[in-house]
Amino acid sequence: MPLSVREREAFLAEPHIASLAVEAGEGRAPLAVPVWYDYIPGGEIEFLTDGDSRKAMLVEKAGRFTMLVQRDSPTYRYVSVEGPVAGSHPTTREELSRIASRYLPSEAVPGYVQGSDLNVLVTFRMRPERWLSADLGAVG
């Protein structure tokens with residue numbers, strides 16, 4: 001059963017590991033990789049990556065990407081969202097801290113941020129355009 005707009009946005013706002021998919025060129029399947037991200041309902045999706053990574057180059061070239069998040073325990077649920085790149089810029093310390101704090105214990109965030117090279121990180125933003133979602137219910 002599809003999720004309502006409110007349900008899908010709330011689910012996407014939870015700290016799931018996302019699978020990012022982006023066109024990889026003729027004769028290639030799309031690149032699909034896990035990413036940390038941030039999302040506030042009604043806003044844009046943000047993720048960060050090494051600016052020299054294949055992922056960053058493909059997202060820049062394609063100008064759009066898809067993100068999929070899922071829960072693999074009852075009730076089984078997923079949200080997939082596709083849209084254009086709304087912008088990219090060098091990652092700030094605040095962005096890195098905010099995104100890392102969604103996934104790491106609070107005491108680990110300062111060390112993670114301090115050990116990261118902000119000179120190579122880029123933050124991408126995506127404006128959600130197309131959504132797929134479902135709650136598949138409890139199985140068993």
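**Notebook: aromatic pairs and strand β7**

I looked up F47 first and found that it is buried, with a relative accessible area of 0%. The model I am reading is a predicted one.

**Entry on F47 and F65.** I then asked which ring pairs with that of F47. The partner is F65, and the arrangement is edge-to-face, with 5.3 Å centre to centre and 80° between the planes. I noted that F65 is buried as well, at a relative accessible area of 2%. F47 belongs to strand β4 (residues 45–50) and F65 to strand β5 (residues 64–71); the pair thus links distant parts of the chain, 18 residues apart.

**Entry on the aromatic pairs.** I looked up how many aromatic pairs the structure holds, and the total is five. One of them joins W36 and Y103, whose rings are stacked, with 5.0 Å between centres and 10° between the planes. I placed W36 in the loop between β2 (31–35) and β3 (37–39) and Y103 in helix α3 (residues 93–103); because of these positions, the pair ties together parts that are 67 residues apart in sequence.

I next asked whether W36 is buried or exposed. W36 is partly exposed, at a relative accessible area of 27%. Y103 has a relative accessibility of 17% and therefore counts as buried, since the cut-off for buried is under 20%. I also recorded that W36 and Y103 form one aromatic cluster together with Y112.

**Entry on R102 and Y37.** I checked where the charged end of R102 sits. I found it over the ring of Y37, at 5.0 Å from the ring centre.

**Entry on strand β7.** I turned to strand β7 (residues 121–126) and asked why it is largely enclosed by the rest of the structure. I found that five of its six residues are buried, so the description follows from that count.

I then looked up the strands that pair with β7. Strand β4 runs antiparallel to β7, and six bridges join the two. Within β7, T123 is the residue that stands opposite L48. Strand β6 (residues 76–90) also pairs with β7 in the antiparallel sense, over five bridges. On that side I noted F124 of β7 as the bridge partner of S88.

For reading these strands I kept one general point in mind: in a regular strand, side chains alternate between the two faces of the sheet.

**Closing note.** I return to strand β4, which holds F47 of the edge-to-face pair and is joined to β7 by six bridges.

How values were computed
Residues are numbered from 1 along each chain as its sequence is written. This is a predicted model: local features need pLDDT of at least 70, side-chain atom pairs count only at pLDDT 80 or more; totals for chains, interfaces and linings use all residues. Side-chain values use heavy atoms; hydrogens and water are left out. Rings of Phe, Tyr and Trp (its six-membered ring) pair if their centres lie within 6.5 Å; planes under 30 degrees apart count as stacked, over 60 as edge-to-face and the rest as tilted. Helices (H or I, at least four residues) and strands (E, at least two) are DSSP runs, numbered from the N terminus. Buried means under 20% relative accessible area, exposed over 50%, partly exposed in between (1.4 Å probe, protein chains only). A charge sits over a ring if NZ of Lys or CZ of Arg is within 6 Å of the ring centre and within 35 degrees of the ring normal. Two strands pair if DSSP finds at least two bridges between them.
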